[in-house]
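Let's take a walk through the enclosed spaces of this protein. Have the model open beside you and follow along.

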Amino acid sequence: MDEQLNRGSAPMPEVLTVTPSPHVRRKGLKTSVIMIDVIIALLPATVWGVIAFGFSAALVVALATVSAVFFEWMMRKLMKRPMTISDCSAAVTGLLLGLNLSPSVPWYVPIVGSAFAIIVVKQLFGGIGRNIMNPALAARVFLMMCWPAAMSDYPAAFTYGADAVAGATPLVALKGSALPDASLLDLFLGKTGGCIGEISTLLLLVGGVYLIVRRVIAWQIPVCMLGTVAVLTLLFPQGDVGALQYMTASLCSGGLMIGAIYMATDYVTSPVTTLGRVIYGVGCGLLVVFIRFFGGYPEGTSFAILIMNSLVWYLDMLTRPKVYGKNRKKGGA
């Protein structure tokens, strides 16, 4: 090597440093700016959830968010690693977890959920960029196993402290091959029972458009995921209901919108290649419909995204672009 350099051969290429996700497309953009954009995008749905369910919803979201930031600070201190709470990723995790909970859960549920999300799923794997699944979704599934009754107890919107919904929630109705006991407009605007941040399809879409315009998320994942669910539910409606009505109700019910727009697109746990994102989004949509149709739970979004999270490494390997100018032939120049 030294002899080649002395003879005037081409200099060694510049060494590149590869770092964990998230990777950004805009020069000078920091992780904290991305996370603040996500918080801004979620604010309309968060405010609407508080308006629809009252003080209990605000308390659940606040406990989840503050707890997540605290556990991030605690773990970084205990592990003697650089402090990362200023990047706002823990706040986003806590906010997403809170929005994925029922407003009627006991006060300790969001705290335990945030502890699991930050300590087990995120920090024990090395912190931001190294976790293998979405922390908020993993925490939600963990809480569903620990407190199944509390996690499935949804009060009606605008009842403010009344008892839980006596009739079927939108997803339970769809699981029973029937349309929800609410108009499609109510489902779209967010006037039904459900988790705090999932009820208003309109406001979640507004936040999603904001993130796409800001180039925080790529459109392929949410579009492919929602499109797959739309096609399958249109072709295979359950029960004696109209196909178009069933498809629309399926898109506007449960955690599909918040999952497709805000959690399936997580930089760390989603593919980096365009084709990989398309396959990932289609896979999420297929699993959502499969679990909703045949699974024991009426909702399948959380499980679908977590399953596809585990396949991201393989998708990136299978869809990585070819090296430009590489000669495949043996002995080629």
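By class, how many nonpolar, polar and charged residues does the lining of the largest cavity have? Before counting, keep in mind that this is a predicted model. The lining has 16 nonpolar residues, along with five polar and two charged ones.

Now let's look at the space itself. The largest cavity has a volume of about 350 Å³, and 23 residues line it. If you would like to find its centre, look for Met35, Val92, Asn134, Asp266 and Tyr267, which are the closest of the lining residues to that point.

Several helices contribute to this lining. At least two residues each come from α2 (31–53), α4 (89–99), α6 (135–146) and α13 (256–263). Among the contributors, α4 gives the largest share, with four residues.

A search of the whole structure turns up two cavities of 30 Å³ or more, so let's visit the other one too. The second largest cavity holds about 70 Å³ of space. Its lining brings together Leu171, Leu174, Lys175, Thr233, Tyr246, Ser250, Arg292, Phe293 and Pro298. Sorted by class, those residues are five nonpolar, two polar and two charged.

Which helices should you trace here? For the second largest cavity, α8 (170–175), α12 (243–252) and α14 (274–294) each supply at least two lining residues. The largest share, three residues, belongs to α8.

How values were computed
Residues are numbered from 1 along each chain as its sequence is written. This is a predicted model: local features need pLDDT of at least 70, side-chain atom pairs count only at pLDDT 80 or more; totals for chains, interfaces and linings use all residues. Side-chain values use heavy atoms; hydrogens and water are left out. On a 1 Å grid over the protein atoms alone, a cavity is a set of points where a 1.4 Å probe fits but cannot get out, and a pocket is an open set with protein on both sides within 12 Å along at least five of seven lines; lining residues have an atom within 4 Å of a point. Grid points are joined across faces, edges and corners, and a volume is the space filled by probe spheres set on the points. Ala, Val, Leu, Ile, Met, Phe, Trp, Tyr, Cys and Pro count as nonpolar, Asp, Glu, Lys and Arg as charged, and the others, Gly among them, as polar.
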